[in-house]
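I opened my notebook today to look at how helices and strands pack in this protein. Here is what I looked up, entry by entry.

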Amino acid sequence: MSNYDIKLTVNGEKIKKTTQSHYRLLDFLREDLDLTGTKEGCGAGECGTCSVFINGKLVKSCLVPVAKVDGAKIDTVEGLGNPEKMSELQKAFCATGASQCGFCIPGMVMAATSTLRNNPKANLEQIKEEMGGNICRCTGYQKIFDAVEMARDVINKEKPEKVFDEYEKPKNSFIGANVKRIDAPSKVTGRLKYAADMKMPNMLHMQVLRSDRPHAKILNLDLSKAKKFEGVRGIVTCQDVPGIDNFGVFIEDQPVLAKDKVRYVGEAIVAVAADTVEQARDAINAIKIKYKDLPALYDPEESLKDKIILHEHYKTNLVKHIPIRKGNTKEALEKADIIIEDEFSTQPVEHAYLEPMAGVSYVDQDGVLTIVSPSQNITHHRHMMAKIMNLPIHKVRFIMSPVGGGFGGKEDMIYQGMLALLATKTRHPIKYVMTREEDIVSTAKRHPSRTKYKMGLTKEGRILAAEISMLADGGAYGCSTEGVMRKAAILGAGPYNIENLKMDTRGVYTNNTPSGAFRSFGALQTEFATESMLDIAAEKLQIDPFEIRRINAFVKGNFTHTKQELNSASINTVLNELETLSKWEQGSPHSRGNSRKDTFSEDNRDACELGARLKTNGNGKRVTK
Ligand code: FES
Ligand code: FES
């Protein structure tokens, strides 16, 4: 790595600095100038979180080598305003509630600023088009577009400035009230510090060697070369774990670093701390591993047969089976007018939070091991960490940094154990920031599933019985599989009063990426099957799909199949609203496609076309970009 002398103007200030020749503009801003409002969401020009102005033009700074901006004028989100003196756009982002997790927001504010600078009267379509290079995972974009339109109208004097301050004082409840988010100003001005933005004196950087095998014995691990690399201050393997090296939210089966064998591609084996990320990465690349490949399991059905056992001490690949029985499905099915049987499968889903996994760990002056990370489950993580590090609980502290989107993905503990080992071993603060690729490869996903379904109904559409059997791929480690199976079993039959129900949910180990918590926790996979069955039944019985749901919906006073008495039931209110808002064409679903008026009427949206960005030309015709 060589040095590079650079002169440029950043946010109006002339800067002369020696930087690293391999740095991107993004690195220079974040590492050399501490301008951490410019975020790294993907490092590949896809998300827009790193947006800045170079000589007035909006650019993704992760794609620009720093040497290319010598002499240029750079503007970052910090230059647009600060929490005390925000720009119109920043105020509008606060006013509409456009900043949720906030990680995309500095980039969004930059893109919105560029849009209105280039076209102060931009209409909604033009705003969408101009901001199409920036991704938000939380907002659904509506509030962001509302904010840009609000700022546009204030700038053009079509609305008074007081629209930025029209918050409500909640009376009895905050729910439904337009209240001021207290962290919005720090988010829209790029001042909020996420874990990757944090710096500490003498901080080291961690990198991780991960398995490229799905299932293999580790025969030999040669660290000798890596230890000699310049800047390397500490290396840890499973040998360095002082306490119980098995953790997990429900089942304690996961080592901090692979022990004897690896069970999925992406599993951590060695962690290195060095003065710089690059030094740690070089050391990782110098580690030699000898593997003996083992037969692997990728299919949960195969896994259930237990011919290969992935966690030898458990004697089975079954992580959790939740059986629930209500009434007598066999007898009820015999009385049914129709019986429908089908199978449904769902795929693994990446959480795609915009903030990649990151954390900082240190041992403080009182010997308290401290982990700062966007963990969604810090109390549980703290207890797990105390066992791993063999420390009393009061010697372990977790600090939850702002979560740049989680969606359940930051609920299982993933990398914090490695940070703790290196902080303890080196007595330096340690920082780790995953690349987007590393995050996708190594972190837990939504459980892929297969659901077998049998439903018996009367000809009037009343469900008499349902038999549901879900098999979920838990991947290599238990993570949240047990909790997901519980929720799938409790919620999977949907908001319907089914007198006779046989429900089985099973999660199994495979050599796939571990599955974990994800919004709706297993209910989504099974409810998708239930709702699909009701649509099929509606079609067969020639009943309106809303109607068949109303016939079976829970009402106040019903008991769920897990014996919970319902003191309220809002499903019918929801159905009524949906029916009105969607302009549903009542009747049984016998006609499909263009003949259905409700799905193709004038003010309804056409179906999405994936992979294409569409805009209209002057004649209102659509053209693909
Ligand atoms: S576009 Fe630069 S970090 Fe995503
Ligand atoms: S607010 Fe946009 S990614 Fe969270």
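The entries below go from the domains to a sheet and then to two helix pairs.

**Domains**

I began by noting that this is a predicted model. Next I looked up the domain assignment, which gives domain 1 as 3–79 and domain 2 as 88–192. Domain 3 comes in two segments, 204–293 + 352–442, and so does domain 4, with 308–349 + 445–552. I also checked a distance: the centres of domain 2 and domain 4, taken over C-alpha atoms, are 40 Å apart.

**The sheet**

In what order do the strands of the open sheet run? I read off E12-E20-E19-E18-E13, 5 strands with mixed pairing. The edges are E12 (318–326) and E13 (338–346), each of which has a pairing partner on one side only. I looked up the turn between neighbouring strands too, and on average it is 5°, direction ignored.

I then followed E13 to its partner E18 (residues 449–457): the two pair in the antiparallel sense, over 9 bridges. Within E18, serine 449 stands opposite threonine 346.

**Helices on the sheet**

My next stop was H14 (residues 481–491), which packs on the sheet and touches E12, E19 (463–475) and E20 (500–509). The direction of H14 makes about 20° with that of E12. I found H15 (residues 523–541) lying across E13, E18 and E19, and its run makes about 145° with E13.

**H14 against H15**

How far apart are the axes of H14 and H15? I noted 8 Å, with a packing angle of about 30°. Angles under 35 degrees count as roughly parallel, so H14 and H15 are roughly parallel to each other. Their crossing is right-handed. On the H14 side I listed Lys487, Ala488 and Leu491, which meet Ala523, Gln525, Thr526 and Glu527 of H15. Sorted by class, this contact has 3 nonpolar, 2 polar and 2 charged residues.

**H11 against H12**

Last, I turned to H11 (residues 378–388) and H12 (residues 416–426), whose axes come within 11 Å and cross at roughly 45°. That crossing angle makes H11 oblique to H12. I recorded the handedness here as well: the crossing of H11 and H12 is right-handed. H11 brings His381, Met385 and Ile388 to the contact, while H12 brings Gln416, Gly417 and Ala420. Which classes do the residues of this contact fall into? I noted 3 nonpolar and 3 polar, with no charged residue in the contact of H11 with H12.

How values were computed
Residues numbered from 1 in each chain as written. Chains lettered and ligands numbered in written order. Predicted model: local features only at pLDDT ≥ 70, side-chain atom pairs only at ≥ 80, totals over all residues. Axes fitted to C-alpha atoms, helices over the stretch in contact; angles between N-to-C directions. Helix = DSSP H or I, 4+ residues; strand = E, 2+ residues; numbered from the N terminus. Parallel < 35°, antiparallel > 145°, perpendicular 65-115°, else oblique. Left-handed = near helix turned anticlockwise from the far one by under 90°. Contact = placed C-beta atoms within 7 Å. Nonpolar A, V, L, I, M, F, W, Y, C, P; charged D, E, K, R; others polar. Pairing = 2+ DSSP bridges. Domains from an automatic or database assignment.
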